[in-house]
Amino acid sequence: SRRLNQLELVTAFRALPDLITPRSKGAGLVFDFNPSEGLLYTSGKSHYIRIWDVEKNLYIQELPSNEKKSSCTTTITHHESNQSKLFVCGHSDGSIKLYDSRSKYSLVKTYSEHGQWILKSKIPCNSNILVSGSVDGTIKLFDLRKNNSIISFQAQKNNMTAMAIHDYAPIIATGSQNQKVTISNFKGKELNSIRYHDGFLGQRIGPVSAVAFHPYKLYLASGATDSIISLYKNTNR
């Protein structure tokens, strides 16, 4: 508690001056931090993507994000490979856009196979595969060198509310409003599912609101609207 009391605000700034107010439907502000480069990628219910140098509190690049006024950016993720300048944005209309911030015309490619709100999109470390998921439970894998998905499967029947992709292992965790966590591999095979808390009288888990993997180990955390956080690890050897 003493360490927590010693925390102090280092800096604060308005990342997106044109951010549309939360009164309208949208994702609000979404962002992703690249600690190795000191860059903060920001977007959301806005017409732009801004890339910030957090050490200087200075935005170094501004890119147009949405061609459709009714669409907003719902997720933004940088490529975690060393010296990569690629980043990915998912949108509420189901489109996914790949950008290269080194280029003047930075939009590299657009994928339009999803039909609903993109919940998560990510390029795992040292990979050329883009993994994405939408709220209807559909997971798609794209080879960045190709224009169409190479794998597509249904991880949840509907109402997918949370998704996580491991950086180094080919596994995906998804959670749903239907009180279920599912772990799948990149081929679409269901490896495990969680419906109940552990114990003799383990109660049913609540509607899932968040899932997250450990950066390196095969540990999974999940949170639900019942205010319970659960931690799981792989016991197979």
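A salt bridge is a side-chain nitrogen of Lys or Arg within 4 Å of a carboxyl oxygen of Asp or Glu. Keep that cut-off at hand for the exercises below, which explore a predicted model.

**Exercise 1. A bridge across the sequence**

Task: Find out which residue forms a salt bridge with Asp167, and which parts of the chain the pair ties together.

Solution:
- Step 1. The partner of Asp167 is Lys122, and their closest N and O atoms are 2.8 Å apart. That value is within the 4 Å cut-off.
- Step 2. Now place both residues. Asp167 sits in the loop between strand S13 (160-165) and strand S14 (171-176), while Lys122 belongs to strand S9. The pair therefore ties together parts that are 45 residues apart in sequence.
- Step 3. Check how accessible each residue is, remembering that buried means under 20% relative accessible area. Asp167 has 13%, so Asp167 is buried. Lys122 has 10%, so Lys122 is buried too.

**Exercise 2. A loop and a strand**

Task: Describe the salt bridge between Glu113 and Lys140, and decide whether each residue is buried, partly exposed or exposed.

Solution:
- Step 1. The closest N and O atoms of Glu113 and Lys140 are 3.6 Å apart.
- Step 2. Glu113 lies in the loop between strand S8 (107-111) and strand S9 (118-122), and Lys140 lies in strand S11 (residues 138-143), so this salt bridge connects parts that are 27 residues apart in sequence.
- Step 3. Partly exposed covers the range between the 20% and 50% limits. Glu113, at 33% relative accessibility, is partly exposed, whereas Lys140, at 10%, is buried.

**Exercise 3. Opposite surroundings**

Task: Work out which residue of the Asp100 and Arg102 salt bridge is buried and which is exposed.

Solution:
- Step 1. Start with the contact: the closest N and O atoms of Arg102 and Asp100 are 2.9 Å apart.
- Step 2. Asp100 has a relative accessible area of 13% and is buried.
- Step 3. Arg102 has a relative accessibility of 61% and is exposed.
- Step 4. For context, six salt bridges are present in the structure.

**Exercise 4. Reading two sheets**

Task: Give the strand order of the open sheet of three strands and of the one with four, and name their edge strands.

Solution:
- Step 1. The three-stranded open sheet runs S17-S18-S19 with antiparallel pairing. Strand S17 (208-213) and strand S19 (229-233) each have a single partner strand, so one side of each is left without a neighbour in the sheet. Neighbouring strands here are turned by 20° against each other on average, direction ignored.
- Step 2. Look inside this sheet: strand S18 (residues 219-224) and S19 are antiparallel and share five bridges. Leu220 has Tyr232 in S19 as its bridge partner.
- Step 3. The four-stranded open sheet has the order S1-S2-S3-S4, again with antiparallel pairing. Its edges are strand S1 (29-34) and strand S4 (58-64), each pairing on one side only. The twist averages 20° from one strand to the next.
- Step 4. S1 and strand S2 (residues 39-44) run antiparallel and are joined by six bridges. Val30 stands opposite Ser43 in S2.

**Exercise 5. The whole chain**

Task: Compare the radius of gyration of the protein chain with that of a compact globule.

Solution:
- Step 1. Note what the chain contains: one helix and 19 strands.
- Step 2. For 237 residues, a compact globule would have a radius of gyration near 18 Å. The protein chain has 18 Å, which agrees.
- Step 3. Add the burial: 48% of the 237 residues are buried.

Methods
Residues numbered from 1 in each chain as written. Predicted model: local features only at pLDDT ≥ 70, side-chain atom pairs only at ≥ 80, totals over all residues. Heavy atoms only, no water. Buried < 20%, exposed > 50% of the residue type's maximum accessible area, 1.4 Å probe, protein only. Pairing = 2+ DSSP bridges. Axes fitted to C-alpha atoms, helices over the stretch in contact; angles between N-to-C directions. Rg over C-alpha atoms; globule rule 2.2 N^0.38 Å.
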